[in-house]
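Student: I should like to learn how to read the packing of a helical protein from its model. Where should one begin?

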Amino acid sequence: MIPWGYTVPVVAATILVVAVELAVLKTGLFRKLAYWLTIAIVTGFQIPVDGWLTKLSAPIVLYAPEHITGWRFPWDIPVEDFLFGYALVTAVLLVWERARQREEAR
């Protein structure tokens with residue numbers, strides 16, 4: 001396996017999602033307050049849930065140390081989890097926004 005086998009794909013996914021919005025879809029999602037509020041709400045729920053799942057004292061979810069950076073914040077949450085959550089939620093919202101815009105254009 002490659003070093004940081006989780007870090008590299010999740011960084012690539014995050015970059016890809018942002019690039020697709022900026023270069024292809026151009027929905028304007030990143031300029032909407034509702035999007036940033038959604039990200040804040042998701043993060044607000046992600047921290048306690050992820051913190052509980054990944055706490056080093058009694059982890060439920062385990063990561064192979066050679067496949068992550070080892071950076072954890074807050075409450076032992078691997079930083080890669082935040083990027084994954086951001087990429088996933090943003091990708092779904094982009095699909096919804098694009099579908100909404102197509103529906104309005106009809």
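Tutor: This is a predicted model. One may begin with the nonpolar core, since the general idea is that in soluble globular proteins nonpolar side chains tend to be buried together. Here the largest nonpolar core has 10 residues: Val17, Leu25, Leu29, Phe30, Tyr35, Ile39, Ala87, Val89, Leu93 and Leu94.

Student: Which helices each supply at least two residues of this core, and which gives the most?

Tutor: Helices α1 (7-25), α2 and α3 (79-105) each contribute at least two. The most comes from α3, with four residues.

Student: How should one read the aromatic residues?

Tutor: One examines the distance between ring centres and the angle between ring planes. The structure contains four aromatic pairs. In one of them, the centres of the Phe30 and Tyr35 rings are 5.4 Å apart and the planes stand at 55°, so this pair is tilted. Phe30 and Tyr35 are both buried. Phe30 also pairs with Trp36: the ring centres are 6.5 Å apart and the planes are at 40°, so this pair is tilted as well. Through such ring pairs, Phe30, Tyr35 and Trp36 form a cluster.

Student: Is Trp36 buried or partly exposed?

Tutor: Trp36 has a relative accessibility of 42% and therefore counts as partly exposed. For Phe30 the relative accessible area is 18%, and this residue is buried.

Student: What does Tyr35 touch beyond its neighbours within four places in sequence?

Tutor: Tyr35 is in contact with Leu29, Phe30, Tyr86, Thr90 and Leu93.

Student: How does one judge the course of a helix such as α2?

Tutor: One compares its span with the expected value and then looks for bends. With 22 residues, α2 reaches 30 Å from its first C-alpha to its last, close to the 32 Å expected at 1.5 Å a residue. There is a bend of about 30° at Gln46, and a proline, Pro48, follows within four residues.

Student: Which residues of α2 are buried?

Tutor: As a general guide, an α-helix has 3.6 residues a turn, so residues three or four places apart point the same way. In α2 the buried residues are Tyr35, Ile39, Gln46, Asp50, Gly51 and Thr54. Their cover includes α3.

Student: What surrounds Thr54?

Tutor: Thr54 lies in α2, which spans residues 33-54. Its relative accessibility is 2%, so Thr54 counts as buried. Residues up to four places away in sequence aside, Thr54 touches Pro59, Val61, Tyr63, Arg72, Trp75, Asp76, Ile77, Pro78 and Asp81.

Methods
Residues are numbered from 1 along each chain as its sequence is written. This is a predicted model: local features need pLDDT of at least 70, side-chain atom pairs count only at pLDDT 80 or more; totals for chains, interfaces and linings use all residues. Side-chain values use heavy atoms; hydrogens and water are left out. Buried means under 20% relative accessible area, exposed over 50%, partly exposed in between (1.4 Å probe, protein chains only). Contact means heavy atoms within 4.5 Å. A nonpolar core is a set of buried Ala, Val, Leu, Ile, Met, Phe, Trp, Tyr and Cys residues joined through side-chain atoms within 4.5 Å. Rings of Phe, Tyr and Trp (its six-membered ring) pair if their centres lie within 6.5 Å; planes under 30 degrees apart count as stacked, over 60 as edge-to-face and the rest as tilted. The expected span of a helix is 1.5 Å times one less than its number of residues. The bend at a residue is the angle between axes fitted to the seven residues ending there and the seven starting there.
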